[in-house]
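Please consider the sequence and the three-dimensional structure shown below. The explanation that accompanies them proceeds from the whole chain to selected local features.

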Amino acid sequence: MATNPLLGAGYLLQGMRLITRPGLRRFVAVPLAINVLIFSAAIALGVRLFGNVLATLDARLPSWLGWLDWVLWPLFALVLLVVIFNLFALVANLIASPFNGLLAEKVERMLTGRPLDEGATLAGVMSEIVPTLVDEIRKLLYAVVLAIPFLLLLFVPVVGQILWFLYIAWVLAVQYSDYPMGNHGLKFREMRRRLGRQRGMSLGFGASAAMLSMVPLVNFILMPSAVAGATAMWVRELKGATNYQSPTRSRVATRCVLLEIDHLSGRIGGEVLAGPHAGQSLDQVPTDDLVEMLETCYAGDPESAEALEVYLDRERGRKTAEAPHRRHAETPHAPIEQMPSDEARAILGIGPDAGPQEVRSAHRRLIQRLHPDRGGSDYLASKINEAKQVLLD
């Protein structure tokens, strides 16, 4: 699937904003504080040892060479600054590594409002040790083997350097996405498959990380920012439609299709609930297959047909011709039941504590995007109106 590289860069910038939020700041502050303490102790020790070396030299050299102290101390300070500049970010990232899985978990919970699945047992954890180690070895071998052709291509002017940068971008995207995906037990092959489906976005994310790693001071917070950004990218783009819920996303389900509407972007995604593609994201299903599914729904599932029409129109740019046999079909109806309140909240994308004003605001925002006159459908508009009525009655 072709995706915009700027989307990946946007997720990295979002990660930089996320780590400033309460509850996440400690994942930056604690590793940096530990790093500062380590380097402070190392600097103090270095200054002390260098002072002892100079004292020893002063005792052995003639007194007229005492001016050397005024030369050697600035040189020592310059070398110390160079060493700190080159090692600080590396050591900071190493110290932060144990925090990254937990940081990814906290970011995902902040974005979705739901904790990760729990209930892991000690036996289950022990049983995953060997597969996890094998997966880590695969990742290392993958990076090394993949690097060989790109290293050889470095001898090709311009093109070789561009390809090497793309290699670095891909490896960084894989590295940082490993934390949120690993929290869900995804193996390395599945990680690569999901990132590969949206290669443009993934390369944009990794390329942005590579460039920011060369910016002084910014590189100190790159790792937590990239982990947070990769988690947001996982939740919104890679995890799958059925797993993401937030106050800015609505869900409308029919017999065969689940639609998810992003209030901010207006983008519509979702999942196939029945048929040969059941369980797949709508974005994964080829257009021709969706059209075939639409023809099937025309016969006996008009609600799913309307939902598919909206998705095909808004996301695939495929206008659907009028279908009288669907619109006027006589189908048996079950007795009308009132929409459950939890379904109404899911449609409007609001929480259980939302008040009347929030209900009206969510309804107004959605109906503006999904009204039939604006590319929506009668079915979706009626569901949105019904959800509002249920929650305000």
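The paragraphs that follow begin with overall figures and then turn to individual helices, loops and side chains.

The model discussed here is predicted. Its secondary structure consists of 15 helices and three strands. The protein has 393 residues, of which 39% count as buried. The accessible surface amounts to about 21600 Å², and carbon and sulfur atoms contribute 64% of that area. Among the contacts with a separation of 6 or more, 66% are between residues 24 or more positions apart.

Helix α8 offers a starting point for the local description. This helix covers residues 199-212, and its end C-alpha atoms lie 20 Å apart; because 14 residues at 1.5 Å a residue should span 20 Å, the two values agree. How many residues of α8 are buried? The count is 10 of 14, so that the helix is mostly covered, given that buried means under 20% relative accessible area. The buried residues are Gly200, Met201, Ser202, Gly204, Phe205, Gly206, Ala207, Ser208, Ala209 and Ala210. The cover over these buried residues includes α1 (5-18), α6, α7 (188-197) and α9. Several of these covering helices return in the paragraphs below.

The first of them to be considered is α9. Ser225 is located in this helix, which comprises residues 222-238. Ser225 counts as buried because its relative accessibility is 1%. A polar atom of the Ser225 side chain lies 2.7 Å from the backbone oxygen of Ile221. Which residues does Ser225 contact when its neighbours within four places in sequence are left aside? They are Leu12, Gly15, Met16 and Ile19.

Another link between distant parts of the sequence involves Arg25. This residue lies in the loop between α1 and α2, the latter being residues 26-60. Arg25 and Pro224 are separated by 199 residues in sequence, yet their C-alpha atoms are 9.6 Å apart in space. Beyond its neighbours within four places in sequence, Arg25 is in contact with Ile19 and Thr20. With Thr20 the approach is a polar one: the Arg25 side chain reaches the backbone oxygen of Thr20 at 2.4 Å. Is Arg25 buried, partly exposed or exposed? Its relative accessible area is 46%, and Arg25 is therefore partly exposed. Ile19 thus appears in the contacts of Ser225 and also in those of Arg25.

Helix α7 contains the charged pairs of the model. Side chains of opposite charge can pair when their charged atoms come close. The structure holds two salt bridges. In one, the side chains of Arg193 and Glu190 meet with an N to O distance of 2.6 Å. In the other, Arg194 and Glu190 meet at 2.7 Å, N to O. Together, Glu190, Arg193 and Arg194 are linked in a network of salt bridges. The sequence spacing can be read against the helix. Arg193 and Glu190 are three residues apart in α7, about one turn of the helix, while Arg194 and Glu190 are four residues apart in α7, again about one turn. An α-helix has 3.6 residues a turn, so residues three or four places apart point the same way. The two arginines fall into separate accessibility classes: Arg193 is partly exposed because its relative accessible area is 42%, whereas Arg194 is buried because its relative accessible area is 15%.

The final feature lies on the surface. Leu153, Val156, Val158, Val159, Ile162 and Leu166 form a nonpolar patch there, with about 480 Å² of accessible area together. Which element supplies the largest share of the patch? Helix α6, residues 159-182, does so with three residues. Leu153 belongs to helix α5, which covers residues 129-153, and its relative accessibility of 33% is why Leu153 counts as partly exposed. Val158, by contrast, lies in the loop between α5 and α6. The relative accessibility of Val158 is 57%, and this residue therefore counts as exposed. The backbone of Val158 also deserves attention, for its phi is positive, about 65°, although Val158 is not a glycine. Most residues other than glycine have a negative phi.

Definitions and conventions
Residues are numbered from 1 along each chain as its sequence is written. This is a predicted model: local features need pLDDT of at least 70, side-chain atom pairs count only at pLDDT 80 or more; totals for chains, interfaces and linings use all residues. Side-chain values use heavy atoms; hydrogens and water are left out. Patches are made of residues with over 30% relative accessible area and no salt bridge: like charges are joined within 9 Å, nonpolar side chains (Val, Leu, Ile, Met, Phe, Trp, Tyr) within 5 Å. Accessible areas come from the Shrake-Rupley method with a 1.4 Å probe; for residues, only the protein chains shown count as cover. A salt bridge is a side-chain nitrogen of Lys or Arg within 4 Å of a carboxyl oxygen of Asp or Glu. Helices (H or I, at least four residues) and strands (E, at least two) are DSSP runs, numbered from the N terminus. Buried means under 20% relative accessible area, exposed over 50%, partly exposed in between (1.4 Å probe, protein chains only). A polar contact is a pair of N or O atoms within 3.5 Å; within protein, one must be able to donate a hydrogen and the other to accept it, and residues adjacent in sequence count only if both atoms are side-chain atoms. Contact means heavy atoms within 4.5 Å. The expected span of a helix is 1.5 Å times one less than its number of residues.
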